[in-house]
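Student: I'd like a close look at a single part of this one, a sheet and whatever it leads to. Could you take me through it slowly?

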Amino acid sequence: MNQEVRTRFAPSPTGYLHLGGLRTALYTYLLAKKHGGKFILRIEDTDQEREVPGAVELIYKSMRQAGLAYDEGPDVGGDYGPYIQTQRRDIYPKYAWDLVERGGAYCCFCTKEELDEQRREAEAKGETWKYNKKCLHNVPLAEAKRRIAAGEPYVIRQNVPTEGKAGFDDLLYGHVEVDCSTLDDNVLIKADGLPTYNFANVVDDHLMAITHVTRGTEYLSSAPKYNLLYEAFGWQPPLYLHLPAVMVESVLMDKTTRQPILDENGNTQPVVRKLSKRYGDPSFEDLLEQGYLKEAIINFIALLGWAPKGTNEEFFSLDDLVRVFDESGVNKSPSIFNMEKLTWFNAEYIRRMTPDAYRVAATPWLSRVLDPARTDFARLCELLQGRTEVFSQLPGMVDFLAEMPEFSPDLYVNKKSKTTPEIAKQALLFVQPILKEITDWTEGTLHDIVMAAIPASGMKNGQVLWPLRIAITGRAATPGGAFEMAYLLGREETLRRLQKAIDDLA
RNA sequence: GCCUCCAUGGUCAAGCGGUUAAGACGUUGCCCUCUCAAGGCAAAAUCAUGGGUUCGAUUCCCAUUGGAGGUGCCA
């Protein structure tokens with residue numbers, strides 16, 4: 001019989017959803033959907049100290065914005081709930097005690113302080129610290145139960161065999177195996193009664209009938225221990241898919257001052273590190289706020305560390321991805337997040353928008369600096385759409401329309417058309433009366449009349465049009481030529497700016 | 001230190017024993033052009049190193065080097 005595929009994204013609510021997490025969520029979603037299975041969201045909040053208020057809601061929101069709809073989860077329900085681990089707190093001890101009875105775990109009364117001390121000593125000697133199973137050997141179960149009943153604090157530890165091998169099979173990395181002697185007896189149930197990740201993930205994945213476990217490679221070295229747990233319970237372990245981290249290229253920074261650390265020559269030092277909010281790397285939310293499109297982010301993130309088989313196509317919607325996703329195409333090494341390529345993807349997605357969709361998306365940004373009642377937004381958007389990489393650039397691209405910027409006469413210099421401030425003055429004086437004559441202030445009329453007049457001036461097109469554009473915009477680069485800009489400014493404002501420019505050149 | 005994993009241009013990557021080693025971003029040049037974009041054309045740039053195996057290694061094996069992760073009553 002064919003088992004239904006069930007995957008789960010299991011973040012802990014310690015902050016925003018970073019791009020590495022988003023990619024894990026995406027692949028997890030794709031894996032389920034390509035098999036027609038279920039995608040589940042589970043909140044792993046067993047570390048109450050690290051929990052950030054509001055983080056859970058932020059996760060729901062980001063998942064929704066990304067379009068990663070989960071079939072089961074805390075806010076959507078499902079047959080395997082609750083989907084928040086603290087709401088499952090009563091489930092874990094039962095299983096832990098079952099494991100104790102089976103010999104796969106034991107109670108431990110050693111205090112954190114004495115263990116920390118041991119760890120420090122071992123570290124000082126350059127050794128790897130492991131718990132010495134003192135409580136396994138010295139405290140019989142009956143005594144343990146007595147001490148617990150008397151109120152003594154305790155934890156439950158996994159009883160890892162001292163010899164032999166432990167391993168697991170990964171869809172990407174194949175069979176991974178380690179000596180049990182290198183494994184530590186991890187805490188399964190903490191003194192506060194809550195499970196650690198090490199235990200909760202195994203119990204919940206089993207109880208929730210998860211078939212494919214996707215997670216970061218930071219779990220690669222502890223996965224053998226989890227399989228030991230499955231074995232001890234007599235459960236069927238899931239299929240694993242460990243995903244490499246997403247990195248960012250950066251410079252070496254001081255952790256506290258957040259200033260670059262310079263080498264002896266005063267240069268910054270390049271480093272590759274994990275994406276981190278602390279160093280200002282953008283989260284999914286941040287990118288959306290900056291005017292990146294979710295489709296572009298998803299598309300880019302999908303291709304970060306994964307490539308589809310047998311095609312050079314780079315543009316994929318979420319539905320396309322469901323169809324083409326194949327976990328064997330995931331790269332095994334960490335990949336570096338490249339902002340330039342994301343921006344390129346974003347620009348491409350913007351160019352592919354319908355003009356209407358573009359106008360809707362661009363208007364709030366344009367309205368920050370322009371009055372929609374005074375500027376032809378429809379025409380402006382036509383000019384802007386092909387030039388927009390990220391929406392947040394928009395205000396800076398059009399603010400000159402609202403207010404004439406100060407500019408230096410050097411701007412009139414253009415090497416290619418051999419334009420100088422002197423020629424500029426000549427050009428402006430030539431074009432001014434022509435423009436004054438024009439009453440039908442449309443791009444077409446402006447273009448036809450001015451272009452027809454230029455040959456008589458003895459100047460080249462560029463020698464007239466470059467200065468004109470500079471004179472009325474004050475910018476070396478504008479989202480259109482002189483006629484477009486003149487049209488957008490309107491007759492009165494254009495002539496006003498032109499007069500001012502001529503006066504300034506005098 | 002120990003354990004696990006990884007290694008193709010600056011970045012993302014295709015490749016799965018025989019290839020002129022794809023493609024994309026970025027970079028540079030040219031064309032187009034009233035600026036900037038976009039578009040078109042072209043260029044530079046990669047198999048970490050050393051040993052094997054093989055008629056033949058980017059591809060398989062080992063070592064070295066480099067990178068990532070783990071070594072928590074964090075996840």
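Student: Here's where I'd like to start: in strand 11, which residue is the bridge partner of V248?

Tutor: The partner is R273, which sits in strand 11. Before we build on that, keep in mind that this is a predicted model. Chain A averages a pLDDT of 94, and 100% of the residues score at least 70. For the model as a whole, ipTM is 0.96 and pTM is 0.95.

Now back to your pair. The bridge between V248 and R273 belongs to the pairing of strand 10, residues 246-251, with strand 11, and that pairing is antiparallel and runs over five bridges. Step out a little and you get an open sheet of three strands, ordered 11-10-12, with mixed pairing. Strand 11 and strand 12 are the edge strands, each pairing on one side only. From one strand to the next, the twist averages 45 degrees.

Those two edge strands are also a good route to the RNA. Strand 11 (270-274) and strand 12 (335-337) each supply at least two residues of the surface near RNA strand B. They share that job with strand 6 (174-179) and with several helices, namely helix 4 (112-124), helix 12 (339-351), helix 18 (461-473) and helix 19 (482-489). Altogether 65 residues surround RNA strand B, and the closest are T128, Y197, G305, S333 and G481. Sorted by class, this surface has 26 nonpolar, 23 polar and 16 charged residues.

If you want to follow one contributor further, pick helix 18: with five residues, it gives the largest share of the surface near RNA strand B. Helix 18 also packs against helix 16 (residues 421-437), at an angle of about 85 degrees and with the axes 8 Å apart. That angle makes helix 16 roughly perpendicular to helix 18. On the helix 16 side of the contact you'll find I423, A424, A427, L428, F430 and V431, and they meet Q463, V464, P467, L468 and A471 of helix 18. Divide the residues of that contact by class and you get 10 nonpolar, one polar and no charged.

For comparison, have a look at another sheet. It is open as well, with three strands in the order 3-4-7 and antiparallel pairing. Strand 3 (105-108) and strand 7 (187-189) stand at its edges with a single partner strand each, so one side of each has no neighbour in the sheet. Ignoring direction, neighbouring strands here are turned by 45 degrees against each other on average. Strand 4, residues 155-158, pairs with strand 7 in the antiparallel sense over two bridges. To do there what you just did with V248, start from R157: its bridge partner in strand 7 is V187.

Two backbone details in loops are worth a glance while you have the model open. A cis peptide bond joins G81 and P82, with omega at about -5 degrees. You'll find P82 in the loop between helix 2 (55-66) and helix 3 (91-102). The other detail is A209, a residue other than glycine with a positive phi, near 60 degrees. A209 lies in the loop between helix 7 (197-207) and strand 8 (212-216).

Key:
Residues are numbered from 1 along each chain as its sequence is written. Chains are lettered from A and ligands numbered from 1 in the order in which they are written. This is a predicted model: local features need pLDDT of at least 70, side-chain atom pairs count only at pLDDT 80 or more; totals for chains, interfaces and linings use all residues. A residue is near a molecule or strand if its C-beta atom, placed from the backbone, lies within 6 Å of it. Helices (H or I, at least four residues) and strands (E, at least two) are DSSP runs, numbered from the N terminus. Ala, Val, Leu, Ile, Met, Phe, Trp, Tyr, Cys and Pro count as nonpolar, Asp, Glu, Lys and Arg as charged, and the others, Gly among them, as polar. pLDDT is the predictor's confidence in each residue, from 0 to 100. Two strands pair if DSSP finds at least two bridges between them. Axes are lines fitted to C-alpha atoms, for helices over the stretch in contact, and angles run from 0 to 180 degrees between N-to-C directions. Angles under 35 degrees count as roughly parallel, over 145 as roughly antiparallel, 65 to 115 as roughly perpendicular and the rest as oblique. Two residues are in contact if their C-beta atoms, placed from the backbone, lie within 7 Å.
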